[in-house]
Amino acid sequence: MNSLGINKSKKETKVVVAMSGGVDSSVVAALMKEEGYNVTGITLKLYDDLKQSKEGRQCCAGQDIMDAKRVSEKINIKHEILYYQKKFKSEVINSFIDSYAVGETPIPCVQCNQTVKFRDLFKSAKNLNADALATGHYVKRIFNNNAKMYRPDDLNRDQSYFLFNTTQEQLEYLRFPLGNISKVLTRNIARDLNLQVANKPDSQDICFVPNGNYKTIVEKLKPESFIEGNIIDTTGKIIGKHKGIANFTIGQRKGIKVASSEAYFVIKIDTKKNEVIVGSREDLLVRHIFLRDVNLLCKNNELKGKFFVKVRSTGILLPCKILDNGKKIELEKGEGGVSPGQACVFYKKDNFGVRVFGGGWVKKTKK
């Protein structure tokens, strides 16, 4: 049994590494090669980057593909490019736009991981007869009867929220070599290996919205999302006008542009009436969250006892009960800014750390 838990010698073990062109995946490829595995790097081209912003920090664009290729050449591994633009547009970009058009707050990085990065890349790695698919995500995979997902050692880099939709079959095949190390150490390893991406900035923007202005792409493809409508308060009184529901998300405070002595927050978006409902911070708090398209990395009978959820990638773990096989969440305390379209990810502590049990997409909320 080698260090990846595969019953072969390292030399006989074929590992495909998903290389985005950034420092994390480059270090994974280098570490796998250094350990003696048979490594192939695969980079996905997901969108056309002719209008890419010079200031943006994305992944899977032209420069990133060249960086991945150069790293592959330096560490002497095979490198392939897969052209997934059509799949990415239909399953990630279009989904993102449709979600904003119905008043949701989408998370395209989860959709990307769920579709092209894991589902389709998983198939490609299998077609190459690879024994494992390794990525540069900061998350742990611990094998105990079967593969389980845990938060990483470096919680500042925790990417488990974005991976809740990973299937059990995929998790058995995936490896996350950076789960036990810090980002600082990752960069130090890159410098020690003289990788040219050692000081490359992390991706920050949504890759297909490099200037950070998502409204531009939504307005271009869904102009009906920018039709003027009413802003109303919790009593139903019209207190202002808006220039399109796609300009708003649940919990938003800035940009409402309604004069008031009290701070207003967006508490609901009614797409049928084209209305934005605003209220106080107290009005924003919810304790019950209803989910759709739940994905479990456990058995239904394991969803008992004290659990935690995250309702945004930068959020804290919220104590809760998980009911109805994961379709309903009951929070111990009210939480604000929970928006339809966001992911709600399940966690529970055990002897190995904080385990990811799956999650779902927020469908609706109530007090």
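Two strands count as paired if DSSP finds at least two bridges between them. Keep that in mind as we walk through this model, which is a predicted one.

Let's start with strand β1, residues 14–18, and strand β4, residues 132–134. These two run parallel, and 3 bridges join them, so they pass the cut-off of at least two. If you'd like to find one of the contact points yourself, look for Val15: its bridge partner in β4 is Ala132.

Now look at what β1 does with β2. Here the pairing is parallel too, and it extends over 5 bridges. One spot to look for is Val17, whose bridge partner in β2 is Gly41. How does the chain get from β1 to β2? It goes through helix α1, residues 23–35, and this β-α-β crossover is right-handed.

Strand β2 is well worth a pause. Of its 8 residues, 7 are buried, so the strand is mostly covered. It also pairs with β3, again in the parallel sense, over 6 bridges. Thr43 shows you where to look, since Ile81 is its bridge partner in β3.

Time to zoom out. The strands we've met belong to an open sheet of 5 strands, and reading across it you get β3-β2-β1-β4-β7, with parallel pairing. What happens at the edges? That's where β3 (78–83) and β7 (174–175) stand, and each has a single partner strand, so one side of each has no neighbour in the sheet. While you're looking at strands, here's a handy general point: in a regular strand, side chains alternate between the two faces of the sheet.

Helices lie across this sheet as well. Helix α2, residues 62–75, lies across β2 (38–45) and β3, and it runs at about 160° to β3. Helix α4, residues 108–127, lies across β1, β2, β3, β4 and β7, running at about 135° to β2.

Further along the chain there's another open sheet to explore. It's formed by 4 strands in the order β9-β8-β11-β10, and this time the pairing is mixed. At its edges you'll find β9 (238–242) and β10 (265–270); each has a single partner strand, so one side of each is left without a neighbour in the sheet. On average, neighbouring strands here are turned by 30° against each other, ignoring direction.

To finish, follow β10 to its partner β11, residues 275–279. The two run antiparallel and are joined by 5 bridges. One of the residues to pick out is Asp270, which has Glu275 as its bridge partner in β11.

Note on methods
Residues are numbered from 1 along each chain as its sequence is written. This is a predicted model: local features need pLDDT of at least 70, side-chain atom pairs count only at pLDDT 80 or more; totals for chains, interfaces and linings use all residues. Side-chain values use heavy atoms; hydrogens and water are left out. Contact means heavy atoms within 4.5 Å. Axes are lines fitted to C-alpha atoms, for helices over the stretch in contact, and angles run from 0 to 180 degrees between N-to-C directions. Buried means under 20% relative accessible area, exposed over 50%, partly exposed in between (1.4 Å probe, protein chains only). A crossover is right-handed if, with the strands pointing away from the viewer, the path from the first strand over the helix to the second runs clockwise.
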